[in-house]
Amino acid sequence: MTSVADPAMTNSRPTQAVAAPVASTRDIRLDFFRGIAMFIILCAHTPRNFFTSWIPARWGFSDATEIFVFCSGMASAIAFGRTFDRAGLPLGTMRVGHRVWQVYWSHICMFFAIATLLAAIDHFGNFDKTYIGSLNLWKFFDDPGPELVGIFTLTYVPNYFDILPMYMVILAMMPLIMALSRVNLWAVAGIIALIWLFAQRSVLEGLGLSDMHLGFPAEPWSDRKWFFNPFGWQLIFFTGFAFMRGWIPKPPVNRTLIIVAAVVVVANIPFSNIGIREFGFDWARSWRIDNRGLFNKSDFGILRYAHFLALAYLCWVAAGEGGARLKVAGDGTLARLWRGLLAMILKVGQQSLAVFVFSMFFARLSGFVMDQIGRNTWNMTLANFIGFGALIVVAYSVAWFKSHPWRVAK
């Protein structure tokens with residue numbers, strides 16, 4: 001990690017080791033790729049959706065979760081970094097706490113909305129499938145008292161509902177990282193790497209230190225932990241955060257790096273689901289079994305990190321400086337259509353929390369509808385595009401409410 005403020009680190013007053021000036025405006029690439037991630041996440045959570053054959057997760061180790069968390073780190077550097085710089089550590093911490101509070105209640109509302117939807121389907125319908133079982137919510141409905149306590153204290157986190165709790169914990173780590181950044185940026189890198197290391201179950205088991213594995217219990221009746229381990233996933237979040245803060249310099253655009261990144265991305269294909277299932281790379285199947293800890297999604301294995309960074313670099317280069325290649329000039333029909341589509345994608349990326357919560361609910365509803373009418377290429381495609389349209393409507397609606405239109409004088 002480097003910073004233009006490194007000379008200050010040698011000063012006798014370590015608190016002046018403040019990082020390079022943080023970006024003060026959102027890069028459209030940030031909102032563009034986070035918007036794309038929202039559409040991918042909807043597809044990935046819709047049961048038996050053939051669109052998932054084309055998402056990044058099927059072609060390499062990383063997937064849309066990395067896009068979402070990395071871009072959230074970048075957005076947090078803009079949204080909260082300036083508060084820490086301007087108002088200091090205590091008020092910056094309060095600002096982060098306010099966001100954690102918002103995410104917490106989004107998580108609670110999302111759980112009850114989806115649980116109620118599934119319960120209503122089972123109660124009022126007469127279907128061969130029990131839908132509360134599709135998300136393994138048997139324990140909650142069999143004995144809701146203890147599980148209500150677990151839901152509100154985050155000691156009961158069903159698999160489908162663990163992304164936002166992971167995000168909350170990572171946000172709560174931000175004041176520590178900002179405090180360390182005022183001392184030494186290498187201390188920031190060291191603590192992030194150390195926390196990630198102790199989240200790697202396979203590494204700790206190899207060292208005989210499995211009892212030191214960092215993670216939160218997901219349910220009181222077993223030793224299962226949150227599927228998305230925040231202590232592993234904070235690595236990708238704070239990588240995006242560090243790039244936007246200027247702690248890590250942006251990589252140069254040159255042929256060598258492009259070739260290296262492309263080789264990494266292509267080399268992932270034989271080990272991917274598509275590579276093994278469609279291309280017949282059976283030798284890679286045994287390698288995956290023997291080395292699953294290297295790309296473990298729960299703890300965020302190192303190969304997921306490498307694959308994502310390579311893919312992100314190629315996308316960053318393709319988009320151009322400041323997203324210049326995303327902007328199309330001209331008055332032609334295609335140019336106008338692209339600008340309209342781009343505006344919608346950016347809006348979805350800007351309202352990612354509300355869009356994410358809605359998409360998780362809509363995915364279960366869409367899956368139920370498709371179970372009733374049957375899945376074929378045409379109606380599944382239509383269902384996906386209806387979902388995309390719904391995400392766009394939600395994004396624009398939330399943005400409209402956030403603009404406080406009732407305050408505008410007539």
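Let me start with Ile 276, which at 9% relative accessibility counts as buried, and which sits in helix H13, residues 273-277. Please keep in mind throughout that what we have on the screen is a predicted model. Leaving out residues up to four places away in sequence, Ile 276 touches Pro 270, Phe 271, Phe 281, Asp 282, Ala 284, Arg 285 and Arg 288. If you look for Ala 390, which is 114 residues away along the chain, you will find its C-alpha atom separated from that of Ile 276 by 34 Å.

Now to the aromatic residues. A search of the whole structure finds 46 aromatic pairs. To take one of these, the ring centres of Phe 51 and Phe 385 are 6.3 Å apart and the ring planes stand at 85°, so this pair is edge-to-face. Phe 51 belongs to the loop between helix H2 (28-45) and helix H3 (64-79), while Phe 385 belongs to helix H18, residues 377-402, so the pair ties together parts of the chain that are 334 residues apart in sequence. Is Phe 51 buried or exposed? With a relative accessibility of 18%, Phe 51 counts as buried, since the cut-off is under 20%.

There is also an aromatic cluster to point out, and its members are Trp 101, Tyr 104, Trp 105, Phe 111, Phe 112, Phe 140, Phe 141, Phe 152, Tyr 160 and Phe 161. One of these, Tyr 160, has Arg 364 lying over its face, at 5.0 Å from the ring centre. A second arrangement of this kind involves Lys 139, which lies over the face of Trp 221 at 5.2 Å from the ring centre.

Arg 364 brings us to a helix contact, that of helix H5 (residues 89-124) with helix H17 (residues 352-373), whose axes come within 10 Å and cross at roughly 10°. The two helices, H5 and H17, are therefore roughly parallel to each other. On the H5 side the contact is made by Arg 99, Val 103, Ser 106, Met 110, Ala 113, Ile 114, Leu 117, Leu 118 and Ile 121, and on the H17 side by Leu 353, Phe 356, Val 357, Met 360, Phe 361, Arg 364, Leu 365 and Phe 368. What is the division of these residues into nonpolar, polar and charged? In the contact of H5 with H17 there are 14 nonpolar, 1 polar and 2 charged residues.

Next, the loop between helix H7 (144-153) and helix H8 (163-181), where we find Leu 154. Most residues other than glycine have a negative phi. Leu 154, although not a glycine, has a positive phi of about 60°, and at 16% relative accessibility Leu 154 counts as buried. Asp 162 also has its place in the loop between H7 and H8, and at 0% relative accessibility Asp 162 counts as buried. Which residues does Asp 162 contact, once its neighbours within four places in sequence are set aside? They are Val 157, Trp 226, Phe 227 and Phe 228. Of Phe 228 I can add that, although 66 residues separate it from Asp 162 in sequence, the two are 6.2 Å apart in space, C-alpha to C-alpha.

A positive phi also turns up at His 404, a residue other than glycine, where the value is near 50°. His 404 is found in the segment after H18, and with a relative accessibility of 29% His 404 counts as partly exposed.

Within helix H18 itself, let me mention Asn 379 and Val 394. Asn 379 is buried, with a relative accessible area of 18%, and, not counting residues up to four places away in sequence, Asn 379 touches Met 370, Ile 373 and Gly 374. Val 394 is buried as well, with a relative accessible area of 16%, and, with residues up to four places away again left out, Val 394 touches Ala 354, Val 355 and Phe 358. The C-alpha atoms of Val 394 and Phe 227, which are 167 residues apart along the chain, are separated by 28 Å.

I will finish with Thr 239 in helix H11, residues 230-245. Thr 239 counts as buried at 6% relative accessibility, and, leaving aside its neighbours within four places in sequence, Thr 239 is in contact with Phe 70, Ile 248, Tyr 305 and Leu 309.

Key: Residues numbered from 1 in each chain as written. Predicted model: local features only at pLDDT ≥ 70, side-chain atom pairs only at ≥ 80, totals over all residues. Heavy atoms only, no water. Phe/Tyr/Trp six-rings, centres within 6.5 Å; stacked < 30°, edge-to-face > 60°. Helix = DSSP H or I, 4+ residues; strand = E, 2+ residues; numbered from the N terminus. Buried < 20%, exposed > 50% of the residue type's maximum accessible area, 1.4 Å probe, protein only. Lys NZ or Arg CZ within 6 Å of the ring centre and 35° of its normal. Axes fitted to C-alpha atoms, helices over the stretch in contact; angles between N-to-C directions. Parallel < 35°, antiparallel > 145°, perpendicular 65-115°, else oblique. Contact = heavy atoms within 4.5 Å. Nonpolar A, V, L, I, M, F, W, Y, C, P; charged D, E, K, R; others polar.
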